[in-house]
There are 2 protein chains.
Amino acid sequence: MLERRSQVVLGLDPDPMALWPEALAEGPASPGGSDVAERTAMAVAVHCRAAIEAAGGACVAVKLQLACFERLGGPGWSMLAEVVAYARARGLLTIADGKRGDVPVTARAYAQGLLGDTPGPFGPVPGLGADAVTLNPLLGVDSLEPFVARAVGEGAGCFVLVRTSNPGAAELQDASVGGSPLHERLARLVHEAGEQATGACGLSSVGVVAGATKPGLLARLRELAPRAIFLMPGVGAQGGRVEELGPAFAPHPAGGLVTASRSIVDAHRERGGHPAGAAAAAADELREAAWALSRAAG
Amino acid sequence: MLERRSQVVLGLDPDPMALWPEALAEGPASPGGSDVAERTAMAVAVHCRAAIEAAGGACVAVKLQLACFERLGGPGWSMLAEVVAYARARGLLTIADGKRGDVPVTARAYAQGLLGDTPGPFGPVPGLGADAVTLNPLLGVDSLEPFVARAVGEGAGCFVLVRTSNPGAAELQDASVGGSPLHERLARLVHEAGEQATGACGLSSVGVVAGATKPGLLARLRELAPRAIFLMPGVGAQGGRVEELGPAFAPHPAGGLVTASRSIVDAHRERGGHPAGAAAAAADELREAAWALSRAAG
């Protein structure tokens with residue numbers, strides 16, 4: 001992150017109806033040559049590779065929205081694995097954004113699939129090979145532990161939902177639990193889950209998801225989870241402003257990651273020009289703004 | 001459900017290291033013929049089909065644990081779709097147990113993939129075609145709405161986590177929010193989300209996941225969500241006892257669904273004999289116990 005001088009995470013949540021033109025141009029020539037799911041998944045992969053090629057240089061990581069691949073079935077998951085490998089080969093970290101959360105035996109299965117591999121009768125089945133995952137903590141600490149254990153073993157990370165960026169998040173995440181909002185309780189839980197997983201740099205393998213749409217909460221969350229990396233979605237299309245995210249970077253320039261999806265990949269819709277050029281410019285502007293902020297805060 | 005006289009849901013969470021013998025016998029003869037993920041996914045599908053064949057007659061639905069297919073990558077998702085189709089062809093409802101929960105735009109993508117289809121440049125990409133999904137409500141009502149809308153449109157259902165069956169669930173789900181436990185607040189949220197989605201039988205498309213490991217909570221949850229179908233995992237291996245689940249069935253014999261996974265599929269480990277015979281016997285015993293209970297409670 002420091003050598004790239006970037007805290008920007010390129011969010012990829014491909015909508016098959018809004019792909020870059022090259023994704024459609026490079027599809028198989030014959031419509032009958034493969035089925036609709038395969039053709040669509042291949043076009044989505046071309047789109048994602050083009051976006052990484054254009055904007056990846058200004059970013060430290062890509063965040064892949066699993067729903068957008070999962071909805072394309074088996075071919076979607078195969079292309080997801082290809083995009084992960086493509087991003088990693090370009091020096092980018094990969095975050096599998098699936099917000100998974102389940103009972104321990106199932107959490108172990110998810111962790112095998114996203115961060116590790118799965119033992120089987122024909123040998124281990126390789127997983128997605130992501131560097132990090134996003135997790136939903138509603139089931140409690142025992143649902144996070146298999147991921148934390150796997151992340152420590154693989155040198156990977158987890159980001160746990162603490163305060164999400166959607167309008168409806170307030171309903172439960174801001175509800176008062178024992179005198180303080182639920183999101184504060186979740187931040188404490190993240191801090192505790194990460195205590196045994198803190199690296200030499202002072203940052204933990206267990207991070208926080210905190211929406212950039214609620215920047216006023218960041219200072220308090222930072223107090224409660226001083227070693228967590230904050231993954232902050234919601235900049236741009238959802239209304240979050242990078243200039244307000246300073247508190248996340250307070251302990252360390254690497255303490256915050258700013259995720260932008262549509263505001264990079266769809267930048268050409270506002271700026272005009274080719275999608276690649278617009279995405280590169282948007283990502284670089286965000287990189288500069290976040291970097292300047294983190295130098296000031298750190 | 002009534003014509004099958006069953007409230008039993010066959011849980012399929014296949015562990016590649018614990019498949020029925022026929023799953024390995026029917027695999028491709030040559031180890032080099034396909035890659036490890038494909039061979040493993042095919043074996044998992046044979047196992048699931050055999051379990052459905054053996055125990056499905058005593059069940060009303062199958063619950064597919066998405067993690068166990070997802071961890072096998074693209075081939076795993078392709079086989080998941082095949083198992084869903086197989087179960088539906090045998091008259092069983094299918095529940096995609098993924099506990100998904102995300103911001104509205106992403107929730108829509110998950111709903112397309114699990115319950116509907118996805119528009120794309122080459123035509124709509126068919127989704128999994130499940131009859132129901134499980135959802136995590138931490139992100140609030142706006143994260144559930146795309147699923148509820150899709151479920152109503154497709155004649156499908158949603159089951160929302162209210163009180164899960166794992167030991168760590170108490171930490172957050174039993175925490176006091178405004179004087180009552182969080183799980184009660186979640187039950188109210190389910191009731192409200194389902195008010196516009198109640199069918200002629202008086203049951204809503206939006207149901208509750210309530211672990212059979214905490215039967216003492218069921219009567220209160222039933223008060224708070226009178227029209228919800230209760231999906232109750234945790235019978236058997238996790239320690240839940242079907243005899244204690246009566247309050248869930250109070251409004252209607254179809255008001256409760258009892259999920260059993262390992263206690264059916266792995267029944268031969270305790271009972272001896274062939275897995276298929278043991279699974280059929282275990283499923284039928286559970287069917288009889290639940291049916292008797294629902295007649296007494298209803």
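Which residue of chain A comes closest to the rotation axis? Select Gly74(A): its C-alpha lies 2.0 Å from the axis.

This is a predicted model, in which local features need pLDDT of at least 70 and side-chain atom pairs count only at pLDDT 80 or more, while totals for chains, interfaces and linings use all residues. Residues are numbered from 1 along each chain as its sequence is written, and chains are lettered from A and ligands numbered from 1 in the order in which they are written.

Next, display both chains. Chain A is superposed on chain B by a rotation of 180° with 0.0 Å of shift along its axis (RMSD 0.0 Å), the fit being by least squares on the C-alpha atoms of residues with pLDDT of at least 70 in both. That is the relation of a two-fold axis.

Now select the interface. Here 62 residues of chain A are in contact with 60 residues of chain B; contact requires C-beta atoms, placed from the backbone, within 7 Å. Elements that each supply at least two residues of this side of chain A include α2 (36-55), α4 (73-89) and α6 (141-154); helices (H or I, at least four residues) and strands (E, at least two) are DSSP runs, numbered from the N terminus. Of the interface residues of chain A, 97% are also interface residues in chain B, so the copies meet through the same surface.

Finally, isolate chain A. Twelve helices and twelve strands make up its secondary-structure elements. Its C-alpha trace spans about 60 × 50 × 40 Å along the principal axes. Among contacts between residues at least 6 apart in sequence, 72% join residues at least 24 apart.

How values were computed:
Two residues are in contact if their C-beta atoms, placed from the backbone, lie within 7 Å.
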